Amino acid sequence: MRPPPFPSLSILLLTLILGGCHYMTIDTAGPNPNLPPCPVTMFPVGRFMVPVPKDMKLGAGIHNVNKITIEEIAWKKGRDREEYLKEVWMLVRTEAWERYIEGGKLGPSNQGGWAEEDVSHLFGYPAMLFCYRSKTADHNIDVHIGLPEAILRLTESRFYPIGNACLDMEERILNLFKHYRFGNKNVAPDSFFSAGGRVEGLKTWHERASLGATWPAGASRPTIRLSFHTSPSCTDEFPKNVFTGSAVARKHGIRLHVLRSQKRTLAGMVGLEEVYLIGNKDDDELRLSASWKYPGSGKDPEKPDIELKITCPESAKEKALHIWDTVMTKFTTVREYYGRRS
């Protein structure tokens with residue numbers, strides 16, 4: 001009887017990389033050439049334009065510049081604007097004041113400072129400022145501004161020494177407000193976008209943005225979740241691939257089927273794209289995870305740490321991969337998108 005053929009070098013290398021895991025496989029799942037791209041809406045988020053399929057529902061996002069959170073609140077139809085603006089900021093005041101009183105029962109170090117002031121003269125629109133201790137040890141400097149288009153809420157979380165009063169409250173928020181524009185007309189390519197407006201021409205040292213969207217789940221349809229996050233870059237180290245944790249996966253009986261694990265360039269940035277199915281050994285159904293991660297480039301605000309991701313049950317894999325390939329193809333930057341339209 002002839003001995004079995006000796007394994008090829010490529011098989012040996014693959015076995016070493018995967019740690020001999022029979023549950024971990026690789027295939028080259030590329031875009032389906034028979035499927036046209038999904039129709040999408042391009043949503044500006046921070047410094048980027050994120051393609052969101054038209055049949056996905058947008059969720060809440062986060063937009064933060066220089067540790068100041070930007071939120072736009074729509075005017076309520078049929079309500080007097082002065083009354084509605086007061087109703088909105090009174091909710092904040094009531095909760096903060098109750099926390100202030102409770103903290104005072106424990107002593108000044110638990111109470112923090114308190115201030116409230118009508119600052120309409122500073123902003124040129126009806127505006128109310130509060131300074132109060134947040135749910136952490138910081139103070140929130142919180143301003144509601146009644147713009148013609150929406151109520152603009154700017155909240156700065158700032159450290160104060162224990163027991164100190166609120167001081168120098170409006171400077172940073174007022175500076176950001178001078179660079180804020182509502183809407184997306186006549187956009188400068190260096191803009192940082194919030195949900196309803198953008199900040200232009202401001203020197204920034206900290207930026208954070210996020211967006212979430214879901215494919216509506218019906219009685220017989222699983223949910224697909226799309227998320228996008230950016231944050232200041234902490235390291236230039238390239239993301240580790242899924243195989244790095246193969247030993248842990250094997251130890252805990254995790255099933256893993258890798259569809260893609262490769263470098264991929266989006267908007268001039270080289271990141272790591274990974275698509276895989278994963279689940280515990282006893283799970284009835286695996287989950288799909290598709291992600292693209294970029295580690296950022298130093299202190300460049302237009303190249304932050306980025307994660308673009310889709311997750312869903314395996315039963316929605318075909319729909320999710322269709323969405324994923326469309327998003328990856330159309331993703332771009334605000335500078336590129338608006339620069340070529342200027």
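**View 1. Salt bridges across the predicted model.**
A search of the whole structure turns up 17 salt bridges, and the model they come from is a predicted one. Side chains of opposite charge can pair when their charged atoms come close. One of these pairs is formed by the side chains of Arg153 and Glu71, with 3.8 Å from N to O. The pair links distant parts of the chain, as Arg153 belongs to strand β10 (residues 151–158) and Glu71 to strand β6 (residues 68–73), 82 residues apart. Arg153 is buried, with a relative accessible area of 19%, while Glu71 is partly exposed at 35%. The cut-off helps here: Arg153 counts as buried because its 19% falls under the 20% limit.

**View 2. The Glu87 and Arg79 pair.**
Here the side chains of Glu87 and Arg79 meet in a salt bridge, at 2.9 Å from N to O. Glu87 is partly exposed, with a relative accessible area of 37%. Its partner Arg79 is also partly exposed, at 30% relative accessibility.

**View 3. A buried salt bridge between β16 and α7.**
Please look for Arg260 and Asp325, whose side chains form a salt bridge with an N to O distance of 3.0 Å. Arg260 sits in strand β16 and Asp325 in helix α7, so the pair ties together parts that are 65 residues apart in sequence. Are these two residues buried or exposed? Both Arg260 and Asp325 are buried. Elsewhere, salt bridges with shared partners connect Arg47, Glu207, Glu302 and Arg335 into one network.

**View 4. Helix α7 and its buried residues.**
Helix α7 covers residues 317–330, which makes 14 residues. From its first C-alpha to its last the helix reaches 20 Å, close to the 20 Å expected at 1.5 Å a residue. Which residues of α7 are buried? They are Ala320, Leu321, Ile323, Trp324, Asp325, Thr326, Val327 and Met328. Asp325, in this list, is the residue that forms the salt bridge with Arg260.

**View 5. The nonpolar cores.**
The largest nonpolar core has 62 residues. Inside this core, the residues with the most contacts are Phe123, Ile145, Leu154, Ile224, Phe228, Trp292 and Leu308. Helix α7 gives the most to the core, with six residues. A second, separate core has 14 residues, including Ile73, Trp75, Trp114 and Tyr132.

**View 6. The surroundings of Trp292.**
Which residues does Trp292 touch, not counting those up to four places away in sequence? Its contacts are Arg264, Leu266, Met269, Gly271, Leu272, Glu273, Ile306, Glu307, Leu308, Trp324 and Met328. Among them, Trp324 and Met328 are buried residues of α7.

**View 7. Strand β19 and its partners β15 and β18.**
Strand β19 (residues 305–313) pairs with β15 in the antiparallel sense over seven bridges. Within this pairing, Ser227 has Lys309 of β19 as its bridge partner. Strand β18 (residues 287–294) also pairs with β19 in the antiparallel sense, over eight bridges. Leu288 finds its bridge partner in Cys312 of β19. In a regular strand the side chains alternate between the two faces of the sheet.

**View 8. His229 in strand β15.**
His229 is found in strand β15 (residues 224–231). At 37% relative accessibility, His229 counts as partly exposed. Its C-alpha atom is separated by 4.3 Å from that of Ser210, although the two residues are 19 apart along the chain. Setting aside neighbours within four places in sequence, His229 is in contact with Ala209, Ser210, Asp305, Ile306 and Glu307.

**View 9. An open sheet of three strands.**
The strands of this open sheet follow the order β2-β3-β20, with antiparallel pairing. β2 (40–45) and β20 (332–333) stand at the edges with a single partner strand each, so one side of each is left without a neighbour in the sheet. Six bridges join β2 to strand β3 (residues 48–53), and Val40 has Pro53 of β3 as its bridge partner.

**View 10. Two loop residues with positive phi.**
Asn186 is not a glycine, yet its phi is positive, at about 55 degrees. This residue lies in the loop between β11 (180–182) and β12 (192–193). At 77% relative accessibility, Asn186 counts as exposed. Ala267 also has a positive phi, near 50 degrees, and lies in the loop between β16 (254–266) and β17 (269–280). Ala267 counts as partly exposed, at 30% relative accessibility.

Note on methods: Residues are numbered from 1 along each chain as its sequence is written. This is a predicted model: local features need pLDDT of at least 70, side-chain atom pairs count only at pLDDT 80 or more; totals for chains, interfaces and linings use all residues. Side-chain values use heavy atoms; hydrogens and water are left out. Helices (H or I, at least four residues) and strands (E, at least two) are DSSP runs, numbered from the N terminus. The expected span of a helix is 1.5 Å times one less than its number of residues. Buried means under 20% relative accessible area, exposed over 50%, partly exposed in between (1.4 Å probe, protein chains only). Two strands pair if DSSP finds at least two bridges between them. Contact means heavy atoms within 4.5 Å. A nonpolar core is a set of buried Ala, Val, Leu, Ile, Met, Phe, Trp, Tyr and Cys residues joined through side-chain atoms within 4.5 Å. A salt bridge is a side-chain nitrogen of Lys or Arg within 4 Å of a carboxyl oxygen of Asp or Glu.
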